[in-house]
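Got your viewer open and a selection box ready? Let's walk through this one stop by stop.

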Amino acid sequence: MSKALNYLGIARKSGGMETGEDNSAGLVKAGKARVLIVASDTSDGAKRRAEGYVYETATILVEVPFTKDEISSISGKSGCSMAAITDLGLAAAFLKALAQEQGEKYSEAYEQIEALKQRIEKRKASKSSALGSKTGFRRKKSV
């Protein structure tokens, strides 16, 4: 079993992944999905719909080398051709494992998710430093 499939299993168990076309589309449209995964044996119509879901969003679309059956066995739902990973760390780990196993084909998607991860961490750091820099004392209420 591949390491990338193991990360999908971890994402499912932790609640960081939703399977099925309707659930995945809803997460992408809501802006919560980080990576939209499409199985290799998915129909052309479903692939076009997936491209439409991620159009003009920050979600990364990845056609994985796994079949519907392999994704279904990990997710526990039959006939699963599409899945959305919502957890940023698990999405980065999944794409990193996929890039290591499959080579250059998935390295661009991994670089995109790493850039997104760094931007979010930078924003969090600047936000927390701005909150921590407040110096001053509260005035006591007069009684």
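The tour goes from the sheet to the cores and ends at two single residues. One thing to keep in mind as you click: this is a predicted model.

**Stop 1: the sheet.** Show the strands as cartoon. You should find four of them in an open sheet, ordered E1-E4-E2-E3, with mixed pairing. Strand E1 (17-19) and E3 sit at the edges with a single partner strand each, so one side of each has no neighbour in the sheet. On average, neighbouring strands here are turned by 20° against each other, ignoring direction.

Now zoom in on E2 and E3, which pair in the parallel sense over four bridges. Select Ile 37 and look across: Val 62 in E3 stands opposite. Then bring helix H3 back into view; H3 lies across E2, E3 and E4, and runs at about 175° to E2.

**Stop 2: the cores.** Keep Ile 37 and Val 62 selected and add Phe 94, Leu 98 and Ile 113: these have the most contacts inside the largest nonpolar core, a set of 31 residues. Which elements each supply at least two residues of this core? Colour helix H1 (3-14), strand E2 (35-38), E3, helix H4 (68-75), strand E4 (82-85), H5 and helix H6 (107-132) to see them. H5 gives the most, with nine residues.

For a sample of the packing, pick Ile 113. Beyond its neighbours within four places in sequence, Ile 113 is in contact with Arg 34, Val 35, Ile 60, Leu 88, Ala 91, Ala 92 and Leu 95. Apart from the largest core lies another one of twelve residues, including Ala 25, Leu 27, Ala 33 and Tyr 53.

**Stop 3: Thr 59.** Go to the loop between helix H3 (44-54) and strand E3 (60-63), where Thr 59 is found. Is Thr 59 buried or exposed? Its relative accessible area is 9%, under the 20% cut-off, so Thr 59 counts as buried. Draw a distance from its side chain to the backbone oxygen of Ala 33 and you get 3.0 Å. Setting aside neighbours within four places in sequence, the contacts of Thr 59 also include Val 28, Arg 34 and Val 54.

**Stop 4: Glu 101.** Last, select Glu 101 in helix H5 (residues 88-102). With 34% relative accessibility, Glu 101 is partly exposed. Its side chain reaches the backbone nitrogen of Ala 4 at 3.3 Å. Leaving out neighbours within four places in sequence, Glu 101 is in contact with Ser 2, Lys 3 and Ala 4. Glu 101 and Ser 2 are 99 residues apart in sequence, yet their C-alpha atoms are 8.0 Å apart in space.

Methods:
Residues are numbered from 1 along each chain as its sequence is written. This is a predicted model: local features need pLDDT of at least 70, side-chain atom pairs count only at pLDDT 80 or more; totals for chains, interfaces and linings use all residues. Side-chain values use heavy atoms; hydrogens and water are left out. Buried means under 20% relative accessible area, exposed over 50%, partly exposed in between (1.4 Å probe, protein chains only). A polar contact is a pair of N or O atoms within 3.5 Å; within protein, one must be able to donate a hydrogen and the other to accept it, and residues adjacent in sequence count only if both atoms are side-chain atoms. Contact means heavy atoms within 4.5 Å. A nonpolar core is a set of buried Ala, Val, Leu, Ile, Met, Phe, Trp, Tyr and Cys residues joined through side-chain atoms within 4.5 Å. Two strands pair if DSSP finds at least two bridges between them. Axes are lines fitted to C-alpha atoms, for helices over the stretch in contact, and angles run from 0 to 180 degrees between N-to-C directions.
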